[in-house]
Amino acid sequence: MKITRHPILTILCALAMVSCGASRSGSATDSAALPAASDYTPAFNADSAYSYVKSQVDMGPRVPNTPAHRRASAWLADELRRHGASVTLQPMQLKAFDGTLLDAVNVFGQFNPGAERRILLLAHYDCRPWADNDPDPDKHTLPVDGANDGASGVGVILELARLMGQQAPDCGVDILFADAEDWGNSGDDSSWALGTRYFAGNPPVADYAPDEAILLDMVGAPDAVFPHEIYSLQNAPGLVSGIWATAASLGLEDRFISQPGGAINDDHVELLKAGIPAVDIIDLRPEGGFPDRWHTTSDNMEGISAQTLGDVGRVIETYIRTR
Ligand SMILES: [Zn+2]
């Protein structure tokens, strides 16, 4: 993903919020069995999420067209099935900005597939082929481990999948492990998020239209902070306020900062363009920009904190269970 200077999405119309939450507030009977966020005790296991991150990194860089990438997609599908999700693989051949043909595959899973109200959780699982932000220019041609940039969001979502398997959610919960997010060119906004763009244009389920989508990206650094990403705030303000209010109810207002951050060209933009309210929970520093390890050879397990993974996981779990 990259930081965008110009808010390209301001032309999007205000998107109607027809979420689990909206339905809840519209019906006293629907909401009767659901606890308030302040009464819910999350079960999210941060160590489990950490081990899910490490399992990915141990495979090696999950760069498209490599054996590690193929192992990762198969493993993600197996894990979702193991937790009881209905899994659909979406293979696709994508053309990257540099002309490379990527043998890519989105991994899509559904819990409670018959439910009408649905929330989509997503993270990209591919790794950037080049550590082109590394302080050492000699390392710019090396792939990144993607412990934070990719694996952290996937790890949190896999732990959430484990919990959904233990206790089915009231609303439908879908999971997209998106491919080919990070084979992009900083001068070309359209070169990123290729897998999610394909997913939005070719839904694996007929008439697929989740009510809300939550993207997790770089959610593992010890000192991570999550301000309101600008495209999310402009196009899905109700979803942003709901998630940040949930974080505040858990005492995490210093992690989930209620102030605007940068505008990020990331997977959620493709969903917003398709009319799906979507939020990007992404580590954006007050001084501007991403964490130091971003797109460097230092994006490894040394930069991952179970505490941060746990904070993010508890917020999303509580949000899902109380909406
Ligand atoms: Zn990246």
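Axes here are lines fitted to C-alpha atoms, for helices over the stretch in contact, and angles run from 0 to 180 degrees between N-to-C directions. Helices (H or I, at least four residues) and strands (E, at least two) are DSSP runs, numbered from the N terminus. The model is predicted: local features need pLDDT of at least 70, side-chain atom pairs count only at pLDDT 80 or more, and totals for chains, interfaces and linings use all residues. Residue numbers start from 1 along each chain as its sequence is written.

**Exercise 1.** Work out how α3 and α10 cross.

*Solution.* Start with the axes: those of α3 (residues 46-58) and α10 (residues 306-321) come within 8 Å and cross at roughly 110°. Angles of 65 to 115 degrees count as roughly perpendicular (under 35 is roughly parallel, over 145 roughly antiparallel, the rest oblique). So α3 and α10 are roughly perpendicular to each other. Next, the hand: α3 passes α10 in a right-handed crossing, the near helix being turned clockwise from the far one by less than a right angle (anticlockwise would be left-handed).

Now pick out the residues. On the α3 side the contact uses Ala46, Asp47, Ala49 and Tyr50, and on the α10 side Ala306, Gln307, Leu309, Gly310 and Gly313. Contact means C-beta atoms, placed from the backbone, within 7 Å. Sorted by class, that gives five nonpolar, three polar and one charged (Ala, Val, Leu, Ile, Met, Phe, Trp, Tyr, Cys and Pro are nonpolar; Asp, Glu, Lys and Arg charged; the others, Gly among them, polar).

**Exercise 2.** Do the job again for α8 and α10.

*Solution.* The axes of α8 and α10 come within 9 Å, crossing at roughly 115°. This crossing is right-handed. Gly242, Ile243, Thr246 and Ala247 of α8 meet Val315, Thr318 and Tyr319 of α10. The class count is four nonpolar, three polar and no charged residues.

**Exercise 3.** Place Gly262 and say whether it is buried, exposed or in between.

*Solution.* Look in the loop between α8 (237-249) and β7 (264-265) for Gly262. Count neighbours: 19 other C-beta atoms lie within 10 Å, so Gly262 is partly exposed (buried takes 20 or more, exposed 12 or fewer). Leaving out residues up to four places away in sequence, Gly262 touches Ile3, Glu229, Ile230, Leu284 and Gly288.

**Exercise 4.** Describe the protein as a whole.

*Solution.* Count the elements: 10 helices and eight strands. Then take burial, which covers 53% of the 323 residues. Finally, the C-alpha trace spans about 60 × 40 × 40 Å along its principal axes.

Note on methods. Two residues are in contact if their C-beta atoms, placed from the backbone, lie within 7 Å.
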